[in-house]
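Here are a few exercises to work through with the model open beside you. Try each task before you read its solution.

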Amino acid sequence: MISNLESSLKDLQTAEAKLLVQTYERNPLLFVSGEGVYLRDEDGNDYLDLLSGIGVCALGYNHPVITNAIAEQSQKLLHTSNLFFHQGTAELAMRLTEITGLDRVFLCNSGTEAWEAALKLARAHAGLLSSEGKPLGTKFLALEHSFHGRTMGSVATTHKLKYREPFAPVMPDVEFVPFDDVSALKAAFSNDVCAIAIETIQGEGGINPVSQEFLAAARALCDSTGALLLLDEIQSGMGRTGKWCAYQHYGIQPDVTTLAKPLAGGIPIGAMLCTEEAARAFTPGMHGTTFGGNPLACAVAIAVIDEIKHSMLLDRNASTGEYFVSRLRDLQARHSLIVDVRGFGLMIGVELDSDILAKAILAGMMNQGILLNRTHETVLRFLPPFLITRDHVDQAIGALDELLAIHTPAKPSDGRVLAGEPING
Ligand SMILES: *Cc1c(COP(=O)(O)O)cnc(C)c1O
């Protein structure tokens, strides 16, 4: 039995193995506090965090703007339910509509809930248009390698079979289109389609942005029938790429977007934003959530947005990200084990030449006190807090450089590269 919160990692591992539904494979690290861009473990070791809790802790740890907002709001009100007004909702909605260019907001508690709201809105909107004499069907077009969350609708639009198949039948009427394939998208599109679902930059799929041509084609197809363009910005949004939403790099507006991960810097929240036209499809009682948009989450999200503006973190993300990517490209030029470097502000992927190597590099980085993770098997993913500096980047680059050198197969004197697995795989 665990009797206090001072339990060691070993006790917790034993207890969790027995008590928890086994949905996660955790790394053997126990964090007890954090400060800035560092996490501290039970033994007092500090880790440079280049993952920020999968893109959530955008302002790092123990940020006074967040701790103050939590302290102040928690002494006033935590929750009222959506049966009543509170002061945070409209304040947050004003900011969210301003930064996204959309008209209306639905607040919820996580990414997948925001995406569910988007899917339900698209179906309801198609029904509304049909009733107005513009018949639209119920089909969603989603992309290969997409990730939109784990609930039945979100997972139905998520490409990976492993996430969908054990739970079949998931929501019907989803067709997957090859990533960034304009002619396949056009061929799959018809009046049967209620929405096209796209992550502007795929996160779990390996840090892949759609092309300008593809996004423009999706926009034009939706415009031709009244179907909705849904852009999932849960990972790429809130300034990570140097703009509030990644679609703003393209100059293309969606009908619906979803935000979550960093929106309240670690307090659970999600938001579905849409145009006035799309919002017509929801009327009171059709959709809702008990906790959604509660006073605490709203107060913290407001504080986070104001701090991003006040400290001009969008520009900073763009320039730190550019520096990070240029240093990674230097590494790529020297290490053949790096296949590709893809970066958009502080959303960065480094594709390596095998999953075994990617695992080994991650473990090596962790040993050196640097946290990141792996996505799409072979891609090292960096989603650092918005507060990292060039010094932090240099530290990560130095560690990566050393590890890649260690894992590079030795060359015989004639210059041939020996075949074989990376060592320590
Ligand atoms: C993380 C993520 C989600 C799901 O968010 P949860 O809060 O885990 O439900 C959906 N879409 C994208 C693009 C994500 O990165």
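**Exercise 1. Find out how strand S11 is covered on its two faces.**

Step 1. Take strand S11, residues 256-259; strands are DSSP runs of E with at least two residues, and helices are runs of H or I with at least four, each numbered from the N terminus. In a regular strand the side chains alternate between the two faces of the sheet.

Step 2. Val256 and Thr258 lie on one side, Thr257 and Leu259 on the other, and all four are buried (under 20% relative accessible area, with exposed over 50% and partly exposed in between, for a 1.4 Å probe and protein chains only). Both faces of S11 are therefore covered.

A word on the basis: this is a predicted model, where local features need pLDDT of at least 70 and side-chain atom pairs count only at pLDDT 80 or more, while totals for chains, interfaces and linings use all residues. Residues are numbered from 1 along each chain as its sequence is written, and side-chain values use heavy atoms, leaving out hydrogens and water.

**Exercise 2. Identify the strands that pair with S11, and in which sense.**

Step 1. Strand S10 (residues 228-232) pairs with S11 in the parallel sense over 3 bridges; pairing requires that DSSP finds at least two bridges between the strands. Here Leu230 stands opposite Val256.

Step 2. Strand S12 (residues 270-274) pairs with S11 in the antiparallel sense, over 4 bridges. In S12, Cys274 is the bridge partner of Val256.

**Exercise 3. Place the largest nonpolar core relative to the domains.**

Step 1. The chain is divided into domain 1 (9-63 + 312-407) and domain 2 (76-310), with bounds from an automatic or database domain assignment.

Step 2. The largest nonpolar core has 121 residues, of which Leu96, Ile196, Ile198, Leu230 and Leu380 touch the most other members. Such a core is a set of buried Ala, Val, Leu, Ile, Met, Phe, Trp, Tyr and Cys residues joined through side-chain atoms within 4.5 Å.

Step 3. Both domains give residues to this core, so it lies between them.

Step 4. Now zoom in on Leu96: not counting residues up to four places away in sequence, the residues it touches include Val105, Leu259 and Leu273.

**Exercise 4. Describe the contact between the two domains.**

Step 1. Taken over C-alpha atoms, the centres of domain 1 and domain 2 are 27 Å apart.

Step 2. In contact (heavy atoms within 4.5 Å) are 28 residues of domain 1 and 29 residues of domain 2.
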